[in-house]
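Me: I have a structure open and some questions about it. Can we go through them one at a time?
Reply: Fine, go ahead.

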Amino acid sequence: MSYSVTEPSKPQKWIAGLLVAAYGIITILPLLWIISTSFKSQNDAIAYPPEVFSEFTLGGYVNLFTTQTRQSAEALEANPPETWYDEIVHERGMAIVGPSRFGERFMNSVIIGFGSTFLSVFLGTLAAYAFSRFRIPLKDDLLFFILSTRMMPPIAVAIPIFLMFRGLGLSDTHAGMILLYTAVNLSLSVWLLKGFIDEIPREYEEAALIDGYTRFQAFYKVVLPQAATGIASTAIFCLIFAWNEYAFAVLLTSGNAQTAPPFIPTIIGVTGQDWPAVAAGATIFLVPVMVFTILLRKHLLRGITFGAVRK
Amino acid sequence: MPDSPSDRLATATPSGVARTIRGLSDRTIAWIFVAPTIFLLLAINIFPLIWTIRLSFTNYRVNRPNADVEWVGLQNYQRILNDPDVWATMQATAHFLIWTIVLQVLIGFALAWLINRKFKGNDLWTTIIVLPMMLSPAVVGNFWTFLYQPQIGLFNTVVGYLTGAAPDSFSMIGDVALAPWSIVIVDTWMWTPFVMLICLAGLRSIPDSIYEAAECDRASAWRQFWTITVPMVLPFLMLAVLFRGIENFKMFDLVVQLTGGGPGNTTTLTAIDLKREAFERWRTGYASAYAVILFVTVFGLASIYVKALNKVKER
Amino acid sequence: MRTFLTGLLRLRRGPWEMLASILIALGVVMLMQPWLLIAYSYSFIVTLTGTVMFIIVSHFPE
């Protein structure tokens, strides 16, 4: 190994590593706390001083997915618990009367998230290819216009959208939310995908065109396979945005198409806020994003800067 | 050449269709590809925008659809721009904006500089630090109210342990003086990694040869830092600051879940105030003028942002 | 400074964009400063001028 002036010395590396690790632990602590709270009982969760290790229980998850009523001792006696979740509820003198709305809300998030991701990546790929390869009048202005739509404050946009959706019968529907999120995500997908397609050498398509391919064929047989990684990472970014979005969801949806982010904070137990249930909802909702973030780590920078910084 | 791809397509699809596809010029294809995107953005962004501008000159109220809509000219704008309460929300936003940017730039740059020491496992720690940024601000903000509980909250316990203060002696989101800082802390926790990642990209874009040349000239490490590292990272830092500035100027989800704008109006940021005008007091015309003011400000900042973006791209 | 002024006179993009950016930044500062109500009142006009100017001058030649 050759000596390099830019290579930091050993102690330097150690100190840097320790400091970064310390910050990393502080940063991850609230997230670990969410996950650990979800496995605590309601009393352990609000114990003073806060308990790091409490008795393990799935009570939070059971509360999250079910609605319950208080039962008299005789009624409980008469109906012995049949399943493990019945048993958890029974111990608190309650009985399950049905599922909660969390499952529905979670499914809404899935439907709206995947629907809008598919649409925005599909339309985005077409537009990005055109912007990358063809001469389009006012190209720079169009690209800036597309980017600027992403910057707009959601609350300000929500006023006319609210009126428009009401007029078209789209308020509180899946279709309305999918269209809205698609429009918001299009800017990201066009900018990111244009960057990815710009990187594919034009020679490949030109060779294909000379071989007798049409433009369409060259696009889907040559360019698309080359851009597959880019398309996949763009899709994950769009999905994460739609998954996390709160402002539009809270203003434009209520009973039918409400997604999980506006719902989770409204989970309330019998006695005040049921923190283990809230934490359970948050855990189920956040862990998939954490996994995707780890998968995406090579493309993160590109995604969050609209493809400006490539690493 | 009977087996060329175009022949296969020609036999696979009806000849009429094949001829039509073949006949499309690049120009037509370009328009077919771009049109849906432009159309959707026109329908969901530009059309509502024009509608907002129109409404901003009226006294329309959504909850009174039968009342006469009057044309009031610039009256809504005059009222907003002379209202000390709206001005106060701008100042609350300014406090939030300035402190989050200062803290995120300082911590983010320091972290990036440390990670760039290339110690073992730096990838792992980078990934861990980045996690909060990708999560739902509303869900995380809501959970932070639990961490901020006096007595039982993790935050108060840890701060109490470190400073010796009793954990139940202060309430981050209940105290008028502390609440503006409670939102700064959570936003910094969430978005420092963003600034860090961009700074890291800036640091990695500096070629080693520049430092080697400086070493030959016997420039001190301190001097190298201020004459090479900082100026080379600055365009990247500009990008991060502008982006965070725009995002926090329109901040809504995190703060609404964390403090709901309270106590009093101490954390009522502009977007939260706008939401109340538009969706609680239903003063649609007034709120539209309010929205236009925010639009123009964000649009102006976005044009500067794109300029900074192109500058970074050129490198 | 000299090149900046000649750039303005010759309708070059760079200096005009700089001027528009300064106007926008000034408008934003006026909007959020806590000292003068009158500055707050006129902030929107300044930002609007800067933004419109930016859109126009970004079409000037380099």
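Me: How many residues of chain B are in contact with chain A?
Reply: In this predicted model, 84 residues of chain B are in contact with 88 residues of chain A.

Me: Which element gives the most to that side of chain B?
Reply: Helix α3(B) gives the most to the side touching chain A, with 14 residues.

Me: And how do the residues on that side divide by class?
Reply: On the side of chain B that touches chain A there are 58 nonpolar, 14 polar and twelve charged residues.

Me: What about chain B and chain C, how many residues are in contact there?
Reply: There, 17 residues of chain B are in contact with 17 residues of chain C. On the chain B side, the elements that give two or more residues are α5 (84-115) and α14. Of these, α14(B) gives the most, with nine residues. By class, that side of chain B has ten nonpolar, six polar and one charged residues.

Me: Which pair of chains has the most contacts?
Reply: Chains A and B, among the two pairs that touch. No contact joins chain A and chain C. The closest C-alpha atoms of chains A and C lie 9 Å apart.

Me: Stay with chain C. How many helices and strands are in it?
Reply: Chain C has three helices and zero strands, so reading from the N terminus its elements run α-α-α.

Me: Is chain C spread out or compact?
Reply: Chain C is more spread out than a compact globule, because its radius of gyration is 13 Å, well over the 11 Å that the globule rule gives for 62 residues. Along its principal axes, the C-alpha trace of chain C spans about 40 × 25 × 10 Å.

Me: What share of chain C counts as buried?
Reply: Of its 62 residues, 27% count as buried. As for contacts in chain C with a separation of 6 or more, 53% of them are between residues 24 or more positions apart.

Me: New topic: the largest nonpolar core. How many residues does it have?
Reply: The largest nonpolar core has 194 residues. B:Phe143, B:Ile198 and B:Val298 are those with the most contacts inside it. The largest share of this core comes from α14(B), with 18 residues.

Me: Where does the core lie relative to the domains of chain B?
Reply: It lies between domain 1 (5-55) and domain 2 (78-313), because both give residues to it. The C-alpha centres of these two domains of chain B lie 40 Å apart.

Me: You named B:Val298. What is it in contact with?
Reply: Leaving aside neighbours within four places in sequence, B:Val298 is in contact with A:Met151, A:Met152 and A:Pro153 of chain A. On chain B, the contacts of B:Val298 are B:Ile246, B:Phe249 and B:Lys250.

Me: A:Met151 is in helix α7(A). Which residues of α7(A) are buried?
Reply: A:Ile146, A:Thr149 and A:Met151 are buried in α7(A). What covers the buried residues of α7(A) includes α9 (174-198) of chain A, and α3 (26-55), α11 (221-249) and α14 (284-313) of chain B.

Me: How far apart are the ends of α7(A)?
Reply: The end C-alpha atoms of α7(A) are 19 Å apart. At 1.5 Å a residue, its 13 residues should span 18 Å, which agrees.

Me: Now α13(B). Why is it called largely enclosed?
Reply: Helix α13 (residues 270-279) of chain B is largely enclosed by the rest of the structure because eight of its ten residues are buried. Among them are B:Ile272, B:Asp273 and B:Lys275.

Me: What do the buried residues of α13(B) pack against?
Reply: They pack against α8 (154-168) of chain A, along with α5, α12 (253-258) and α14 of chain B.

Me: Two single residues to finish. Is A:Gly303 buried or exposed?
Reply: A:Gly303 counts as buried, because there are 20 C-beta neighbours inside 10 Å and the cut-off for buried is 20 or more. A:Gly303 lies in helix α16 (residues 300-304) of chain A. Leaving aside neighbours within four places in sequence, A:Gly303 is in contact with A:Leu192, A:Ser233 and A:Phe237.

Me: And how many other C-beta atoms are within 10 Å of B:Ala35?
Reply: There are 14, so B:Ala35 is partly exposed. B:Ala35 lies in helix α3 of chain B. The C-alpha atoms of B:Ala35 and B:Asn122 are separated by 44 Å, and the two residues are 87 residues apart along the chain.

Terms used
Residues are numbered from 1 along each chain as its sequence is written. Chains are lettered from A and ligands numbered from 1 in the order in which they are written. This is a predicted model: local features need pLDDT of at least 70, side-chain atom pairs count only at pLDDT 80 or more; totals for chains, interfaces and linings use all residues. Helices (H or I, at least four residues) and strands (E, at least two) are DSSP runs, numbered from the N terminus. The expected span of a helix is 1.5 Å times one less than its number of residues. A residue is buried if 20 or more other C-beta atoms lie within 10 Å of its own, exposed if 12 or fewer, and partly exposed in between; C-beta atoms are placed from the backbone. Two residues are in contact if their C-beta atoms, placed from the backbone, lie within 7 Å. Ala, Val, Leu, Ile, Met, Phe, Trp, Tyr, Cys and Pro count as nonpolar, Asp, Glu, Lys and Arg as charged, and the others, Gly among them, as polar. Domain bounds come from an automatic or database domain assignment. The radius of gyration is taken over C-alpha atoms; the globule rule is 2.2 Å times the number of residues to the power 0.38. A nonpolar core is a set of buried Ala, Val, Leu, Ile, Met, Phe, Trp, Tyr and Cys residues joined through C-beta atoms within 7 Å.
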